[in-house]
Amino acid sequence: MFDAFMTFMGDSVIKWVIFLVVFVGGGISTIVLTTLVIRYFITYNRTPLETVPAKLIGKRTYISGGGNNTSISTNYYMTFQLSDGTRTEFEVGSRDYALYVEGDAGMLTYHPLGGYRSFT
């Protein structure tokens with residue numbers, strides 16, 4: 001029976017097998033990646049924000065683009081020293097970057113999995 005099928009399909013069976021492997025592999029990859037993304041967002045949303053005493057100890061910018069007719073982009077970063085001595089850097093918006101100066105002390109609110117929220 002398989003011989004009759006092979007005779008009927010000829011070399012197109014190889015093409016179908018490759019197509020099915022790619023299709024099934026792509027489907028499995030999509031399912032796995034979707035599951036991982038969903039698990040990450042569930043974990044991220046269940047993790048509470050942390051608010052700790054901190055001191056702003058550094059500020060910096062990173063400018064990229066501007067060549068070959070591309071727009072210029074500026075990223076703003078602030079480095080905080082937490083009460084336990086740990087230093088951590090966050091990307092912040094231009095408004096927060098302009099609002100604070102090095103040496104300011106206050107309460108830093110952030111997400112432990114990454115993400116500045118506020119500094120007051």
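Trainee: Is Ala98 buried or exposed?
Mentor: This is a predicted model, so the value is computed from predicted coordinates. Exposed means over 50% relative accessible area. Ala98 reaches 64%, so this residue counts as exposed.

Trainee: Where does Ala98 lie, and how far is its C-alpha atom from that of Lys59?
Mentor: Ala98 has its place in helix α3, residues 94-99. Along the chain, Ala98 and Lys59 are 39 residues apart. Their C-alpha atoms are separated by 9.9 Å.

Trainee: Which ring does Lys59 lie over?
Mentor: Look at the distance from Lys59 to the ring centre: 4.3 Å. Lys59 lies over the face of Tyr97.

Trainee: Which ring has the charged end of Arg60 over it?
Mentor: The charged end of Arg60 is 4.1 Å from the centre of that ring. The ring belongs to Tyr77.

Trainee: Which residue meets Arg60 in a salt bridge?
Mentor: Side chains of opposite charge can pair when their charged atoms come close. A search of the whole structure finds 1 salt bridge. Its N to O distance is 2.8 Å, and the partner of Arg60 is Glu89.

Trainee: Which strands does that pair link?
Mentor: The two residues are 29 apart, in distant parts of the chain. Arg60 sits in β1, residues 50-65, and Glu89 in β3. The strands are β1 and β3.

Trainee: Are Arg60 and Glu89 buried, exposed or partly exposed?
Mentor: Partly exposed lies between 20% and 50% relative accessible area. Arg60 has 37%. Glu89 has 38%. Both residues therefore count as partly exposed.

Trainee: Which side chain makes a polar contact with the side chain of Asn75?
Mentor: Asn75 lies in strand β2, residues 72-82. At 19% relative accessibility, Asn75 counts as buried, because the cut-off is under 20%. Leaving aside neighbours within four places in sequence, Asn75 is in contact with Arg60, Thr61, Tyr62 and Glu91. The polar contact, at 2.7 Å, is with Glu91.

Trainee: Why is the pair of Phe80 and Phe119 tilted?
Mentor: The structure holds 8 aromatic pairs. In this one the ring centres are 4.9 Å apart. Planes under 30 degrees apart count as stacked and over 60 as edge-to-face. The planes here are at 50°, so the pair is tilted.

Trainee: Which strands hold Phe80 and Phe119?
Mentor: Phe80 and Phe119 are 39 residues apart, so look to distant parts of the chain. Both residues are buried. Phe80 is in β2, and Phe119 is in β5, residues 116-119.

Trainee: Are the rings of Phe90 and Tyr110 stacked or tilted?
Mentor: Phe90, in β3 (residues 87-92), and Tyr110, in β4 (residues 105-110), are 20 residues apart. Phe90 is buried at 7% relative accessible area, and Tyr110 is buried at 12%. Their ring centres are 5.5 Å apart and their planes at 45°, so the pair is tilted.

Trainee: Which residues form one aromatic cluster?
Mentor: Phe80 and Phe119 belong to it, and so do Phe90 and Tyr110. The full list is Phe80, Phe90, Tyr100, Tyr110, Tyr116 and Phe119.

Trainee: Which residues of the largest nonpolar core touch the most other members?
Mentor: In soluble globular proteins, nonpolar side chains tend to be buried together. This core has 14 residues, and β1, β2, β3, β4 and β5 each supply at least two of them. Those touching the most other members are Met78, Phe80, Phe90, Leu108, Tyr116 and Phe119.

How values were computed. Residues are numbered from 1 along each chain as its sequence is written. This is a predicted model: local features need pLDDT of at least 70, side-chain atom pairs count only at pLDDT 80 or more; totals for chains, interfaces and linings use all residues. Side-chain values use heavy atoms; hydrogens and water are left out. Helices (H or I, at least four residues) and strands (E, at least two) are DSSP runs, numbered from the N terminus. Buried means under 20% relative accessible area, exposed over 50%, partly exposed in between (1.4 Å probe, protein chains only). A polar contact is a pair of N or O atoms within 3.5 Å; within protein, one must be able to donate a hydrogen and the other to accept it, and residues adjacent in sequence count only if both atoms are side-chain atoms. Contact means heavy atoms within 4.5 Å. Rings of Phe, Tyr and Trp (its six-membered ring) pair if their centres lie within 6.5 Å; planes under 30 degrees apart count as stacked, over 60 as edge-to-face and the rest as tilted. A charge sits over a ring if NZ of Lys or CZ of Arg is within 6 Å of the ring centre and within 35 degrees of the ring normal. A salt bridge is a side-chain nitrogen of Lys or Arg within 4 Å of a carboxyl oxygen of Asp or Glu. A nonpolar core is a set of buried Ala, Val, Leu, Ile, Met, Phe, Trp, Tyr and Cys residues joined through side-chain atoms within 4.5 Å.
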